[in-house]
Amino acid sequence: SRYASGLLLRAPEAVQMLADDDELEPRGREALVVEALSAARRHDDPEVAVGAVRALRRRELFRTAAAELFGVAEVDDAGVALSDIAAAAITGALEIATRAVEARRGGPLPTRLLVVAMGRFGGGELGFASDADVMFVHDPLPGADERDAHQAALAVAEELRRLLMVPSPDPALEVDADLRPEGRNGPLVRTLASYAAYYQRWSSAWEAQALLRAEPVAGDLEVGERFVAVIDPLRYPEGGVAENDVREIRRLKARMEAERLPRGADPGLHTKLGRGGLSDVEWVAQLLALRHGHEVAGLRTTRTLPALAAAVQADLLAEEDAAALASAWRIATRVRDAVMLVRGTSSDMVPTDARDLAAVGYVLGYRTGESGTLLDDYRRITRRARAVVERVFYGDGGLDKPS
């Protein structure tokens, strides 16, 4: 594993973790956040402080990588661990960025800040190569000038992103805010009231779908609770999502399949956008939540596999269909992680080069000489999942009863 070896070379003392499998168990988010805040508060210089936070992240990335390489952690556990590590790093960086901006302004911020995890981050499903998708929310203090509050919140968000990307021996964490309202063209930070107004007047079906994975992860907890209260009626609409929105979601998915798959890529081997890949499985779970989340509590989760399990329990999805989807999601996730671990660089394709395929297969538990079996297994498992997607997601009768 080039990835794990690279982390270990930067901090050789981490080799102690390899003495005992118990040392490879992921640490919980709460413990990581406490340690990140402690590291952030030990240094006055922002870049020195964030260096301590990023060193903590490097150590935990190595712990998680080693756990996956040695089969101590399941892929579901690794996704949660990586998401917890990112949440702790962002919490520490938010503390440092806030302190730096307050020092420049000469006083406390006139607003309260919240960082909301989105996408795979919000779903607790990050991979080793994942960015952290977020939205920034702020709520001006009573009597504060709104323009001044906005400028202060923007300064903190920009400083947080800068600190986590400062050139360093430790891996950078890219904080991506493109899932915010209006995407890259929209403001980086908005007030809670602005989010509420936007979603009430302009929200589209894809934005409601994106909010299914929104989870407050850092900043003011009370603002987080109020943000969730704003978005819950959008992502779990009373009576279910309208049929014209269902048609729009299906059209959007079909267009993504046609336009976003890289030219020349084998659609049967693309782990994210390919047939039976991550996108296929996740969109089934998300459409189930949009249609039935208002009445099925188990669907009100940001995570894919628990949503599928809840759909089975509520008789919205046949057990064998959910099992086919879950198997495809797991193998696609495992292959993506294994490629990053082996190469040290990311790719959404199942490798076909003999050497890379053999190394990835070895990480996934295939014996020497069995790498071709990995390709056969991947195609078979994802082909079965795609058949479920065609019937349940695109089919006229899907998602209302078991198929």
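1. In which strand does Asp 139 lie? In this predicted model, Asp 139 belongs to strand S2, which spans residues 132–140. With a relative accessible area of 13%, Asp 139 is buried. Once neighbours within four places in sequence are set aside, the residues in contact with Asp 139 are Thr 111, Arg 112, Val 223 and Arg 226. A further spatial reference is Ala 153, which is 14 residues from Asp 139 in sequence, the two C-alpha atoms being 9.1 Å apart.

2. Turning to the overall fold, the protein chain contains 15 helices and 5 strands. Its radius of gyration is 22 Å, close to the 22 Å that the globule rule gives for 403 residues, and the chain is therefore as compact as a globular protein of that length. Taken along the principal axes, the box filled by the C-alpha atoms is roughly 60 × 55 × 40 Å.

3. On burial and contact order, 53% of the 403 residues in the protein chain are buried. If one considers the contacts between residues at least 6 apart in sequence, 74% of them join residues at least 24 apart.

4. As for the surface and the charges, the accessible surface of the protein chain comes to about 17,900 Å², and carbon and sulfur atoms account for 49% of that area. The chain carries 51 positive and 63 negative charges, and the mean positions of these two sets are 4 Å apart.

5. Arg 235 deserves a separate paragraph. This residue lies in helix H9, which covers residues 221–235, and it counts as buried because its relative accessibility is 5%, where the cut-off for burial is under 20%. The side chain of Arg 235 reaches the backbone oxygen of Leu 211 at a distance of 2.8 Å. Leu 211 also appears among the contacts of Arg 235 outside the four-place sequence window, together with Ala 208, Leu 212, Ala 214, Val 228, Ala 289 and Leu 290.

6. Thr 302 sits in the loop between helix H11 (278–292) and helix H12 (304–313). Is this loop residue buried or exposed? At 18% relative accessibility, Thr 302 counts as buried, since the cut-off is under 20%. A polar atom of the Thr 302 side chain lies 2.8 Å from the backbone oxygen of Gly 122. Not counting residues up to four places away in sequence, Thr 302 touches Gly 122 and Gly 123, and also Leu 212, Arg 213, Ala 214 and Glu 215. Leu 212 and Ala 214 are thus listed for Thr 302 and likewise for Arg 235.

7. Two loop residues may be checked for their backbone angles. Glu 182, found in the loop between strand S3 (175–176) and strand S4 (189–191), has a phi near 70°, which is a positive value in a residue other than glycine. Its relative accessibility is 45%, and Glu 182 accordingly counts as partly exposed.

8. The second of these residues is Asp 315, which lies in the loop between H12 and helix H13 (319–343). Asp 315 is not a glycine, although its phi is positive, at about 60°. What is the accessibility class of Asp 315? With a relative accessibility of 52%, Asp 315 counts as exposed, because that class begins over 50%.

Notes. Residues numbered from 1 in each chain as written. Predicted model: local features only at pLDDT ≥ 70, side-chain atom pairs only at ≥ 80, totals over all residues. Heavy atoms only, no water. Helix = DSSP H or I, 4+ residues; strand = E, 2+ residues; numbered from the N terminus. Rg over C-alpha atoms; globule rule 2.2 N^0.38 Å. Buried < 20%, exposed > 50% of the residue type's maximum accessible area, 1.4 Å probe, protein only. Contact = heavy atoms within 4.5 Å. Areas by Shrake-Rupley, 256 points an atom, 1.4 Å probe, with all protein chains shown as cover. Lys, Arg positive; Asp, Glu negative; His and termini not counted. Charge placed at Lys NZ, Arg CZ, Asp CG, Glu CD. Polar contact = N/O pair within 3.5 Å; in protein donor to acceptor, adjacent residues only side chain to side chain.
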